[in-house]
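Visitor: I should be grateful for a close look at one part of this model, namely the way in which its strands are arranged side by side. Please also place that part within the chain as a whole.

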Amino acid sequence: MTSETDAELATRLAVETGRQLVELRDELFSMGAAYWEVMDSGDALGHRFIADELSRLRPDDPVLDEEGREDPRRFGADRVWIIDPLDGTREYGEPGRHDWAVHVALWEHGRFGAGAVSLPAAGLVFATDPAPPMPDTGRDRPRIITSRYRAPYAAVLVANALEADAVRLGSAGAKAMAVVLGEADLYVHDGGMYQWDSAAPVAVARAAGFFTSRIDGSPLVYNERDPWLPDLLICRPELAEPALRALWGDDFRLPA
């Protein structure tokens, strides 16, 4: 049997983990399980399945996983898998919600070698290869996507400056893929996030031609020693400079 490429493996792991999570969720809710039991069981299943598959198929690659222990091999490694087995655990624990995701990304030699985000409850998967096409939205007013529970200050500044309509969703992966799908035009976040929250969504968005950066316009860099990576901007390319000017003033210019 032909071995999977990294891109094929990332996509399969995102899809298969998602399928198992949907089945588990349905089973637990049918049994009357509490929301916290559903959430904890989903986190555990996703972590276990992806960890086992990567250990079997890519045993020499370290993994940075929200649910796993720190693997010190990653600090000197050229290839590191960055995983969020269940992004949007809170939404997963609410019956009927679709805005949760599975993230699988490979950071290789300072860039993304592969990435996939699945939205299992919606039956969707997005990958770096083949990358999704950038949709033509045709909207007069841009849409900015933000958290269900709070509007980050950076998002408020951008929304006001661009006269954008706000859309609210749960997980980081669901919000980023709303931009990739064309359901929104910008995703601006500040106030806290880890590398596994954004790695796979950023990999997919970049592959599709969207602009991605920190909210100061600097590059998003992964496999740093500190997993904390607290902010990001994902948007259509033509909105990048207007969004960053809204945050930093009219003199802001992106590097050529």
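Guide: What follows takes up one sheet, then the loops, the charged pairs and the chain as a whole.

The model is predicted, and local features are taken only where pLDDT is at least 70, side-chain atom pairs count only at pLDDT 80 or more, and totals for chains, interfaces and linings use all residues. Numbering starts from 1 along each chain as its sequence is written, and side-chain values use heavy atoms, without hydrogens or water.

The sheet is open and has five strands, placed in the order β7-β6-β8-β10-β9, with mixed pairing. Strands here are DSSP runs of E with at least two residues, and helices are runs of H or I with at least four, both numbered from the N terminus. Two strands count as paired if DSSP finds at least two bridges between them. β7 (165-169) and β9 (211-213) are the edge strands; each has a single partner, so one side of each is left without a neighbour in the sheet. On average, and with direction ignored, neighbouring strands of this sheet are turned by 20° against each other. Axes are lines fitted to C-alpha atoms, for helices over the stretch in contact, and angles between N-to-C directions run from 0 to 180 degrees.

Within this order, strand β8 (residues 186-189) and strand β10 (residues 232-235) run antiparallel and are joined by four bridges. One of the residues concerned is His 189, whose bridge partner in β10 is Leu 232. Helix α7 (residues 237-248) packs on the sheet and touches β8, β9 and β10, its direction making about 140° with that of β10. Touching, or contact, means heavy atoms within 4.5 Å. Another helix, α4 (residues 153-162), lies across β6 (143-147) and β8, and runs at about 145° to β8.

The loops around the strands hold some backbone features of note. In general, most residues other than glycine have a negative phi, and most peptide bonds are trans. The peptide bond between Asp 129 and Pro 130, by contrast, is cis, with omega about 0°. Pro 130 belongs to the loop that runs between β5 (124-127) and β6. Asn 223, in the loop between β9 and β10, is not a glycine and yet has a positive phi of about 60°. Asn 223 is also buried, its relative accessible area being 13%. Buried stands for under 20% relative accessible area, exposed for over 50%, and partly exposed for values in between (1.4 Å probe, protein chains only). His 109 has a positive phi as well, near 55°, and is found in the loop between β3 (101-108) and β4 (111-119). At 56% relative accessibility, His 109 is exposed.

The charged pairs come next. The whole structure contains 17 salt bridges, a term that requires a side-chain nitrogen of Lys or Arg within 4 Å of a carboxyl oxygen of Asp or Glu. In the pair formed by Asp 6 and Arg 79, the closest N and O atoms are 2.9 Å apart. Asp 6 lies in helix α1 (residues 6-30) and Arg 79 in strand β2 (residues 79-87), so this pair ties together parts that are 73 residues apart in sequence. Both Asp 6 and Arg 79 are buried. These two residues also belong to a network of salt bridges that links them with Arg 58, Asp 61 and Glu 108.

Helix α1 also holds the salt bridge between Glu 16 and Arg 19, whose closest N and O atoms are 2.4 Å apart. Since these two residues are three positions apart, they are separated by about one helical turn. Arg 19 is partly exposed, at 40% relative accessibility. A further salt bridge joins the side chains of Asp 99 and Arg 97, at 2.8 Å from N to O. Here Asp 99 is buried at 5% relative accessibility, whereas Arg 97, at 23%, is partly exposed.

Finally, the sheet may be set within the whole. The protein has seven helices and 10 strands, and its C-alpha atoms fill a box of roughly 50 × 45 × 30 Å along the principal axes. Of its 256 residues, 52% count as buried. Among contacts with a separation of 6 or more, 65% are between residues 24 or more positions apart.
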